[in-house]
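Colleague: I should be grateful for a close look at one part of this model, namely the place where two of its chains meet. Please describe how the partners are arranged there and which residues take part.

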Protein chains: 4
Amino acid sequence: MKSYIGVIGASEATAAERANARAVGSALAEAGAIVVCGGLGGVMEAVCEGAKLHDGLTIGVLPGSDRATANVHVDVALPSGLGELRNGLIVRFSDAVIAIGGEWGTLSEIAFAMRTGRQVVALGSWERVLGDERSLRRAESPEDAVALALAAASDTVEGAS
Amino acid sequence: MKSYIGVIGASEATAAERANARAVGSALAEAGAIVVCGGLGGVMEAVCEGAKLHDGLTIGVLPGSDRATANVHVDVALPSGLGELRNGLIVRFSDAVIAIGGEWGTLSEIAFAMRTGRQVVALGSWERVLGDERSLRRAESPEDAVALALAAASDTVEGAS
Amino acid sequence: MKSYIGVIGASEATAAERANARAVGSALAEAGAIVVCGGLGGVMEAVCEGAKLHDGLTIGVLPGSDRATANVHVDVALPSGLGELRNGLIVRFSDAVIAIGGEWGTLSEIAFAMRTGRQVVALGSWERVLGDERSLRRAESPEDAVALALAAASDTVEGAS
Amino acid sequence: MKSYIGVIGASEATAAERANARAVGSALAEAGAIVVCGGLGGVMEAVCEGAKLHDGLTIGVLPGSDRATANVHVDVALPSGLGELRNGLIVRFSDAVIAIGGEWGTLSEIAFAMRTGRQVVALGSWERVLGDERSLRRAESPEDAVALALAAASDTVEGAS
């Protein structure tokens, strides 16, 4: 079974965050994982762009009701109409989660993922909440983030079977 | 932009309903449309099976939290954890909807689609509610159902641009 | 435990439908039941108005994010931000459901309630879908509707304990 | 218009957290505010208990489908069936939010409230995320927490009118 990795981060992102997201998307696609994200700009657009460079599959769970708001690198654009509550769906659709950057929406997804027992990998995100829990890991690079997330996702899938 | 067509129907389906669903899935895939469904058995499984015969893309929006409950013909399995409320998401994710068979869950999706202005095409489904509204059409065959749904979906997409 | 009765119907309602809703609200309040509705105008406003005449408690589950859209007879106004998906929540919050009038939104709630095993009582609503199922009953009057709904709700509560 | 104050915190709570929650509930009820919470035990039960000592109105938005899981001090028990996604609804139903204690579910609600522009008051909760933002304030006592939340809620209500 393929791994579904949620990549979360804000639509307003720094160049460094976008570069990280692009590298994460590429590494996920190369590993055969499906990218799940919020479908809009910034980190969401960069991770999809990276994934499409390597023929990955990208899912965008949009907050509004208009499919056309998805960025052009989203393959499956899903207008949820749930507003920011769609953050919780992104987490539910994912086996593990990579967080990039430090907005409140990102933190809500980190916390929801932790609450529901998913591995969270932080790449330059919310250092303030990082403690010593094994299920909330700091990654040093995009490649490191992907490796940690995929390892956890594969445990999840095996654990479920 | 690709059309997203929701195909709704129950997990307990007759042989005729399954055959209709399979034919609908095949015709949608041949037309390049993305199939959105509830991801479980019966009508949902048959439409995905038909779509995969022609290399279509199939999305399953699951009621529970376990991705493994998806039928084997689902490409993108999305465990929503929303229970029967996920019916509303299936409709939101779709440009138009084809209903097959007559269970209550199917009727909730028909009504929700009508409420939100989407074309509904009924193929052996809820004859009792069919009136003379142009947006709730009775199809005579799977091919007819697909043609009606795709025409409406393309109007929707054009209307939005 | 108090009974929670969902009263569903459209914001555009005839004078007869509003009169029925008002009488239903009064009878529910006199019986000590909590009224759950969509919180807007038409049937929703009339049922709340009727309930408040007899000091009932009224809950309005709003589609948007603005509490101020609730009608003035709503005691507890809950802005869900879920759009029409909030119809499903109204049903979940209710032990049994009374439907008044014939719009698509009302039908989606009827079908969702049937799907989830709740008694539905139709008072001048969707005669076309009424069959011979015991759990979808036609009421002849507001008082009849309330009696049928409360009897079913009390079964539900007892059944759960 | 009455203020709706969300009080969030875990079902496993320390004696100090429960005492804080009880005092918060009492102060909210005395001020005429409606208490919105998750409806279960721990902080949720204590805040409802405190509110009922002063005749307050308490709303419990439950994660599951069974109304009987609500604690005995909940006046309006709403079984959402949304699982942990109901955290987002609690925030949407509230004008401002008081967070007590440090679980992940609580953090998801803090972050969601911040994301959607609501005042968050932390009473012994997630000191790690507290920065210098005016909209995320640390309270020194239950009374202080209630005063900060009510002031913000009243701004919200006025701002909306």
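Modeller: The following account takes up the contact between chain B and chain C, then the contact between chain D and chain A, and ends with a single loop residue. The model is a predicted one.

I begin with the relation between the partners. Two copies of a chain are related by a rotation about an axis and a shift along it. For chain B and chain C, the rotation is 180 degrees and the shift along the axis is 0.0 Å, and the superposition leaves an RMSD of 0.0 Å. Within chain B, Ser108(B) has the C-alpha nearest this axis, at 2.3 Å. Because 100% of the interface residues of chain B are also interface residues in chain C, the copies meet through the same surface.

As to extent, the contact joins 23 residues of chain B to 23 residues of chain C. The size of an interface is often given as the accessible area lost when the parts come together. Here chain B and chain C bury about 2000 Å² between them, and carbon and sulfur atoms account for 67% of that area. Three residues, Leu85(B), Trp104(B) and Arg128(B), supply 35% of what chain B buries against chain C, more than any other three residues.

The interface of chain B and chain C also holds two salt bridges. In one of them, Glu84(B) pairs with Arg115(C), with 3.2 Å between the closest N and O atoms. Four residue pairs are in polar contact across this interface, with both residues of each pair at pLDDT 80 or more. In chain B, helix 3 (86-92) and helix 4 (104-115) each supply at least two residues of the side that touches chain C. The largest share comes from helix 4 of chain B, which gives eight residues. By class, this side of chain B comprises twelve nonpolar, six polar and five charged residues.

The contact between chain D and chain A may be described in turn. Chain D is superposed on chain A by a rotation of 180 degrees with 0.0 Å of shift along the axis, at an RMSD of 0.0 Å. The two copies are therefore related as by a two-fold rotation axis. The same surface serves both copies, as 100% of the contact residues of chain D recur in chain A. Chain D contributes 23 residues to the contact and chain A contributes 23 residues. About 2000 Å² is buried between chain D and chain A, 67% of it on carbon and sulfur atoms. Leu85(D), Trp104(D) and Arg128(D) provide 35% of the area that chain D buries against chain A, more than any other three residues. Two salt bridges cross the interface of chain D and chain A, and one of the pairs in a salt bridge is Glu84(D) with Arg115(A), at 3.2 Å from N to O. Helix 4 of chain D gives the most to the side that touches chain A, with eight residues.

Finally, I turn to one loop residue of chain B. Ser65(B) lies in the loop between strand 3 (58-62) and strand 4 (76-79) of chain B. Its relative accessibility is 59%, and Ser65(B) therefore counts as exposed. Leaving aside residues up to four places away in sequence, Ser65(B) touches Pro79(B) and Gly81(B). Although Ser65(B) and Gly81(B) stand 16 residues apart along the chain, their C-alpha atoms are separated by 4.7 Å.

Technical notes:
Residues are numbered from 1 along each chain as its sequence is written. Chains are lettered from A and ligands numbered from 1 in the order in which they are written. This is a predicted model: local features need pLDDT of at least 70, side-chain atom pairs count only at pLDDT 80 or more; totals for chains, interfaces and linings use all residues. Side-chain values use heavy atoms; hydrogens and water are left out. Copies are superposed by least squares on the C-alpha atoms of residues with pLDDT of at least 70 in both. Contact means heavy atoms within 4.5 Å. Buried area is the accessible area (1.4 Å probe) that two parts lose on being put together, summed over both. A salt bridge is a side-chain nitrogen of Lys or Arg within 4 Å of a carboxyl oxygen of Asp or Glu. A polar contact is a pair of N or O atoms within 3.5 Å; within protein, one must be able to donate a hydrogen and the other to accept it, and residues adjacent in sequence count only if both atoms are side-chain atoms. Helices (H or I, at least four residues) and strands (E, at least two) are DSSP runs, numbered from the N terminus. Ala, Val, Leu, Ile, Met, Phe, Trp, Tyr, Cys and Pro count as nonpolar, Asp, Glu, Lys and Arg as charged, and the others, Gly among them, as polar. Buried means under 20% relative accessible area, exposed over 50%, partly exposed in between (1.4 Å probe, protein chains only).
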